[in-house]
Amino acid sequence: MEYFDSILKEMDKSLVSLIEAEKIKSSDRVAILGLDEYTFAVRTLLENHGFRVECYISEDEDRRERVQRSVNYALSHYFNKTDAYIRICSVGELTETIDDSWTVLYASRDCAKEIDRIVKVTSLTKEKIYCLYDWDNCEYKKMTRDSKRITLDELKAIEKNILLYFDQFCEKNNLRYWLSGGSMLGAIRHKGFIPWDDDIDVFMPDVDYERFLELFQENDNLMCQIVDDDNDVWGHYKFARLADKSTLLVEKYPFYRHLVGVNVEILPIVGLPKDEKERIRYIRRYEKINAKRREIFFKCSGDMDEFRRICADKHPAFDTYRFDDSEYVGVLGTGYYEKDCTTRSVYERTLRMPFEDIMVNIPQGYQEYLDNLYGKGWEEWPPEDKRTLSHNIEAYWL
């Protein structure tokens, strides 16, 4: 299965319901509880509907000071006016100010301290404090409430079995592939998964990737899911997932949840310009495009249909250079930018290497690739405090 759950859209639906029920009026003085990314998203949604925010309220003194320092720095360095500035206050600073003309909103996970304090020391009642998102009863929580959680060891076993199937499929159809990123590092340094890793990624040259998508047919156990502009927000790029149909993987991003099967990600390697400056400009185009996509997502209040409509045909293609015709190659849109770029000679020969109890493909030039991506010294294990899972996911049996 595949399901996209826009947290921002659900927050906006709650806000629209409050506006339509006249529980929030244009004459109200509106405050937002908390000081996190959801607090600032609430501000965006309110401004999308023509409301002005009076202030942010937080009882976390350290957090108030950190955010205030950042705001002061930005104001002093980048702005000539402060009309967009919104105050950051404790409840105590507003004791004499908050009355029935105020409405308070929040979407952060824990604002109990602020709510209790407001009710205790001001004349505002809980009936004027509204939550825009119920974290305990959101869509994916409902979908997984009766499902058994997949352990990390089970997750790795499922992914390894998908990789085994993929390896056999590629060998049968004469398709090139190699492990990539942390999966390649794991194969070289650990002969399998990095102990604190939880996913598998592979590369395919663009022509082999396209051929794989043509040849692969869904079966009882596996399906292929294409990730592109239609079902992703934060990135303008295309890749595929080979996913187990008996599982559900919840990828938790700040403002949306992507529900897919436990999977192996397949990323196409494309050609890149020969000139270094041109190559970096070409790769970095993604940075500007993705920043614009995020801006559109918030302007659309998280509505994916509207987001897709606005984004349609607005971005350049990245297939100008082909893998087999280029001296330099790389994967676009990974966040590593030019670090994910190498000479094509890295992939001229393929080595068979153990990964747990199976054999997989590694490029002979893995040293250049891993030096680029992780810096020299990647052979050494990182300090213990750095050995943490990097993905915010949950997995369940269906």
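I take contact to mean heavy atoms within 4.5 Å, and I keep to that wherever I write that one residue touches another. The model I am reading is a predicted one.

**Entry 1: tyrosine 38**

I began with tyrosine 38 and asked which residues it touches once those up to four places away in sequence are set aside. I found Met11, Ala107, Ser108, Arg109, Trp135, Tyr253, Pro254 and Phe255 on that list. Tyrosine 38 itself sits in helix H2, which runs over residues 37–48. I then looked up whether tyrosine 38 is buried or exposed. Its relative accessibility is 4%, and since buried means under 20%, tyrosine 38 counts as buried.

Proline 254 deserved a second look, as one of the residues that tyrosine 38 touches. The two are 216 residues apart in sequence, yet I find their C-alpha atoms 8.2 Å apart in space. The side chain of tyrosine 38 also reaches the backbone oxygen of proline 254, at 2.5 Å.

**Entry 2: H1 against H2**

Staying with H2, I turned to its packing with helix H1, which covers residues 7–20. Two packed helices are described by the angle between their axes and the distance between the axes, so I noted both values. For H1 and H2 the angle is about 55° and the axes are 10 Å apart. Angles of 35 to 65 degrees fall outside the parallel and perpendicular classes, and that makes H1 oblique to H2. H1 passes H2 in a right-handed crossing. From H1 the contact takes Leu8, Met11, Asp12 and Leu15, and from H2 it takes Tyr38, Ala41, Val42, Leu45 and Leu46. Sorted by class, I have eight nonpolar residues, no polar ones and one charged residue in this contact. Tyr38 therefore appears here again, as part of the H2 side of the contact.

**Entry 3: H9, serine 301 and H10**

Next I followed the chain through helix H9 (residues 276–299) and helix H10 (residues 304–311), whose axes come within 9 Å and cross at roughly 135°. H9 and H10 are therefore oblique to each other, and H9 passes H10 in a right-handed crossing. I listed Arg293, Ile296 and Phe297 on the H9 side of the contact, with Met304, Phe307, Ile310 and Cys311 on the H10 side. By class, this contact of H9 with H10 holds six nonpolar residues, no polar ones and one charged.

In the loop between H9 and H10 I came to serine 301. Its phi is near 55°, which is a positive value in a residue other than glycine. I marked this because most residues other than glycine have a negative phi. Serine 301 counts as buried, at 8% relative accessibility.

**Entry 4: lysine 191**

I checked another residue for its phi, namely lysine 191, where the value is near 60°, again positive in a residue other than glycine. Lysine 191 lies in the loop that joins helix H7 (181–190) to strand E8 (201–205). How far is lysine 191 exposed? Its relative accessible area is 44%, so lysine 191 is partly exposed.

**Entry 5: H11 and H7**

I then asked which residues of helix H11 (residues 366–374) are buried. They are Tyr369, Leu370, Asp371 and Leu373, and these buried residues pack against H7, E8 and strand E15 (341–343). Just after H11, I noted that glycine 375 takes a positive phi of about 85°.

For H7 and H11, I read that the axes come within 11 Å and cross at roughly 125°. That makes H7 oblique to H11, and the crossing of the two is left-handed. Gly181, Gly182, Met184, Leu185 and Ile188 of H7 make the contact with Tyr366, Tyr369, Leu370, Leu373 and Tyr374 of H11. These residues divide into eight nonpolar, two polar and no charged.

**Entry 6: the whole protein**

Last, I noted some totals for the protein, which has eleven helices and 18 strands. Its C-alpha trace spans about 75 × 50 × 45 Å along the principal axes. Of its 398 residues, 49% are buried. Among contacts with a separation of 6 or more, I found that 72% join residues 24 or more positions apart.

Conventions:
Residues are numbered from 1 along each chain as its sequence is written. This is a predicted model: local features need pLDDT of at least 70, side-chain atom pairs count only at pLDDT 80 or more; totals for chains, interfaces and linings use all residues. Side-chain values use heavy atoms; hydrogens and water are left out. Axes are lines fitted to C-alpha atoms, for helices over the stretch in contact, and angles run from 0 to 180 degrees between N-to-C directions. Helices (H or I, at least four residues) and strands (E, at least two) are DSSP runs, numbered from the N terminus. Angles under 35 degrees count as roughly parallel, over 145 as roughly antiparallel, 65 to 115 as roughly perpendicular and the rest as oblique. A crossing is left-handed if the near helix is turned anticlockwise from the far one by less than a right angle, and right-handed if clockwise. Ala, Val, Leu, Ile, Met, Phe, Trp, Tyr, Cys and Pro count as nonpolar, Asp, Glu, Lys and Arg as charged, and the others, Gly among them, as polar. Buried means under 20% relative accessible area, exposed over 50%, partly exposed in between (1.4 Å probe, protein chains only). A polar contact is a pair of N or O atoms within 3.5 Å; within protein, one must be able to donate a hydrogen and the other to accept it, and residues adjacent in sequence count only if both atoms are side-chain atoms.
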